[in-house]
Each structure stands twice: as structure tokens, then as C-alpha cells.
Amino acid sequence: METDAREIRDEDCKIDSKTYEEAKRRSAEIDKDLSVHPEKYKVLTGDRPTGDLHIGHLFGSLRNRIRLQNMGITSFILVADYQVFTDRDKVDDLQGNVRSLVLDYLAAGLDPNNGRTFIFCHSHVPELNQLLLPFLILTSTAELDRNPTVKEEIRAAGLHSVPSIMYTYPIHQAADILSCRANIVPVGKDQLPHLEISRKIARRFNERFSPKKTVLPQPEALLSEVPMVLGLDGSQKMSKSRGNTIRLCDSEDATRAAIKKAKTDSERLITFDPENRPEVSNLLRLASLCTGEDPKAIAERIGDGGSGTLKNYLTDVLNGYLAPIRAKRAELEKNPDVVSNCLRKGVERAREEASATLDLVREAMGMKYF
Ligand code: TRP
């Protein structure tokens with residue numbers, strides 16, 4: 001059962017392409033129905049509070065969450081604080097990270113005052129965490145052994161001894177999702193194996209404990225349309241641990257400096273060619289995400305202006321795009337209670353949901369004694 005980062009091979013982390021294609025197809029279908037029947041859907045998704053959000057998060061997931069919220073869909077946004085401990089021995093300033101994450105959420109446009117967006121941390125929802133126990137009955141150790149996302153995370157963190165909370169991460173994630181009986185989970189491709197376990201748990205629970213009446217809905221992945229935002233080194237995913245990010249809360253000057261240092265190539269003519277010129281194409285794609293203009297059109301306009309012109313342009317449009325978010329964050333930071341009020345309200349609602357689910361679960365399992 002013990003896995004060591006040194007023993008994990010590439011193919012252990014691969015996500016089956018058939019599963020991916022099938023998830024993409026279902027996701028596209030659901031996406032079409034979301035705005036037609038927002039009342040049918042309940043979203044749960046979230047982040048681990050491991051550091052400030054960057055533009056990879058903003059364009060890759062946060063913008064989509066705000067779109068769903070604004071369609072009128074009830075949205076549970078999880079601050080996955082227990083799960084910070086899955087891949088590290090030392091956790092610095094969890095409180096500060098949670099605060100910063102919530103400020104980023106609010107500044108970007110999640111609105112806990114609209115009556116249908118609930119931002120909560122799962123450490124404060126005991127009923128959610130208790131669901132872990134019935135769910136442990138429904139999963140085998142072999143299944144956890146095979147999970148490619150767990151393998152990838154063990155490898156990325158270089159763990160030699162794997163804590164059980166890493167091992168049971170997908171089961172805990174099922175508890176996150178199923179505690180409020182969410183049916184839509186906006187995630188990236190890398191999270192599909194985790195979601196598959198949540199789907200299996202829901203299915204098995206119903207089959208084993210409540211064959212006549214569905215207690216737990218099978219959640220569906222909503223895959224992001226945006227291709228992965230690369231870091232400013234152009235070669236890998238934007239991520240804090242790789243130091244290739246621009247954070248939402250960075251200053252305009254820091255943003256300018258980071259873009260100035262971004263890797264490009266020596267060709268003067270700017271073209272959009274992700275295959276052969278990943279670095280230049282990534283900068284074009286980022287500019288396009290800010291303005292909505294096609295990256296090829298931006299490239300043509302810049303023409304032989306070189307990477308200096310491209311970088312200046314990206315700096316201007318990105319700083320412009322982030323200006324209202326940064327201003328709102330600065331405003332929110334002045335109020336010391338804004339984060340605690342938001343989380344308190346979110347936790348209250350998450351507990352109502354999770355406690356209703358736990359009641360149904362206990363009843364189905366024959367655990368109603370008084
Ligand atoms: N594992 C997710 C990530 O690393 C975060 C997460 C925790 C999550 N629980 C979740 C995402 C439930 C979606 C649903 O990004």
C-alpha cells in the first residue's frame with residue numbers, strides 16, 4: 001500500500017484517453033443546458049489554500065465559476081484546508097493563505113451576498129468529514145493504489161512516505177462533493193480520476209444501501225474550455241512552486257517586470273504557433289484571454305514588432321484587465337471582518353446541507369436508532 005515517489009512511472013500518472021473523451025463529450029452537453037435550466041444544477045468546486053491565486057487560476061477556473069454563478073446556479077466554493085496536508089510536512093501560515101484565497105475569490109467576482117454562492121472551509125463542517133467513514137466502506141485499497149492523480153501528486157511532491165490523507169484524498173473529495181449533493185464539478189483534466197471515484201461512490205452507495213431511491217447523485221465534471229495557461233517560462237504549467245506566475249495581487253510594476261523576463265525566442269516576426277513557438281504563443285494567448293481578440297489577429301498586428309512590442313502590449317492589457325480586481329481587493333482588505341463573515345455564512349449553509357445528507361446516509365444504512 002505504501003507508495004514511494006521514486007517508484008512511480010510516467011504511465012502510472014496517465015489519464016486514460018477514452019475516459020477523457022467521454023468526460024469531454026458529457027461536459028459539452030451539460031454546458032449547453034446550464035443556462036437553459038440553471039435550477040437543475042448545483043456546483044461544488046474549490047482550491048487548496050496553498051498560496052495566492054495567479055492568472056492561471058483566474059483564466060483556467062475562476063472566470064468559469066463566476067460565469068456559472070452569474071447564470072443563477074447555486075455554487076459551493078470549497079477552501080480545502082485539510083487537504084493542504086496531503087503533500088507536505090510543514091504548512092506555513094494556513095490562516096494567512098485562507099484569508100488571501102477568500103480575498104482573491106471576492107475580488108475576482110464571487111459574490112457571497114447573492115444568496116446562492118457559498119464559500120466555506122471543510123475543516124468547519126464536521127458532517128462532511130464524517131461522510132468519509134461510509135465512503136471508506138465503498139472503495140477498495142486497490143482502487144486508491146491505481147489512482148493516477150494520487151500518483152502524480154506523490155511524485156510532484158517527491159514523497160517517500162505517503163500520509164494516509166494523501167491516499168484517501170479522492171474519498172475525502174467525494175465527501176466534499178456529495179455532502180451538498182452537488183451534480184456539477186468544474187475541474188481540469190488532471191482531476192478526472194478523483195471525480196471518477198466520487199461517481200463510483202455515489203453509484204455504489206445507492207446500489208448497496210438504497211436501491212429504490214437515489215440518495216446520492218452522480219456528479220459530472222465540467223471541463224474547462226481554456227487550454228492550460230503556461231508559466232512565463234513557456235514550457236510548463238503556471239504554478240507557484242515553479243516561480244513562473246503572475247499573482248492576482250501583484251502590483252502593476254511587478255507584473256511588468258515578470259512579463260519583461262518572460263522567455264521568448266529570437267525570431268522577430270510574431271506568429272501564433274503553439275506547437276513550434278510555445279513561449280510566444282503563450283503570451284499571445286494570455287493577451288487574447290484579456291481582450292477576447294483572436295491570438296492570431298494580435299500576432300498579425302504586432303507583425304515584426306518583435307517580442308518587446310508583444311510584451312509591452314501584454315503588460316498593458318493584463319494590467320488593464322486586473323486593475324478592477326486589484327482595486328476591489330485593496331478595498332476589501334481594509335475591512336478585517338470581510339473574510340470571517342464570508343466563511344461563517346458559507347460554513348453555516350454547508351453544514352445545513354451536509355447534515356441533511358448525513359441524515360439520509362444514516363437512514364439508508366439502517367443507522368437510525370432513536
Ligand atoms: N483537489 C482539488 C485540486 O487540487 C481541490 C479540491 C478539493 C476539489 N476538493 C474538491 C475540487 C472538490 C473539486 C471538488 O485542485
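## Aromatic pairs

In this predicted model, counting rings of Phe, Tyr and Trp as paired when their centres lie within 6.5 Å gives four aromatic pairs. One of them joins Phe59 and Tyr321, whose ring centres are 5.6 Å apart and whose planes meet at 45°, an arrangement that counts as tilted. Because Phe59 belongs to helix 2 (residues 55-70) and Tyr321 to helix 14 (residues 306-333), this pair ties together parts that are 262 residues apart in sequence.

The two partners can also be described by their exposure: Phe59 is buried, with a relative accessible area of 2%, whereas Tyr321 has a relative accessibility of 24% and is therefore partly exposed.

## A pair within one helix

The rings of Phe205 and Phe209 have their centres 5.1 Å apart, and their planes stand at 50°, so this pair is tilted. Both residues lie in helix 10 (residues 192-209), where they are four residues apart, which is about one turn of the helix. Phe205 and Phe209 are both buried.

## A cluster of rings

Phe76, Phe118 and Phe120 are also connected through their rings, with ring pairs linking these residues into a cluster.

## Charges over rings

Which residue has the charged end of Arg301 over its ring? That residue is Tyr313, and the charged end of Arg301 sits 5.4 Å from the centre of its ring. In another contact with a tyrosine ring, Lys189 lies over the face of Tyr20, at 4.5 Å from the ring centre.

How values were computed: Residues numbered from 1 in each chain as written. Predicted model: local features only at pLDDT ≥ 70, side-chain atom pairs only at ≥ 80, totals over all residues. Heavy atoms only, no water. Phe/Tyr/Trp six-rings, centres within 6.5 Å; stacked < 30°, edge-to-face > 60°. Helix = DSSP H or I, 4+ residues; strand = E, 2+ residues; numbered from the N terminus. Buried < 20%, exposed > 50% of the residue type's maximum accessible area, 1.4 Å probe, protein only. Lys NZ or Arg CZ within 6 Å of the ring centre and 35° of its normal.
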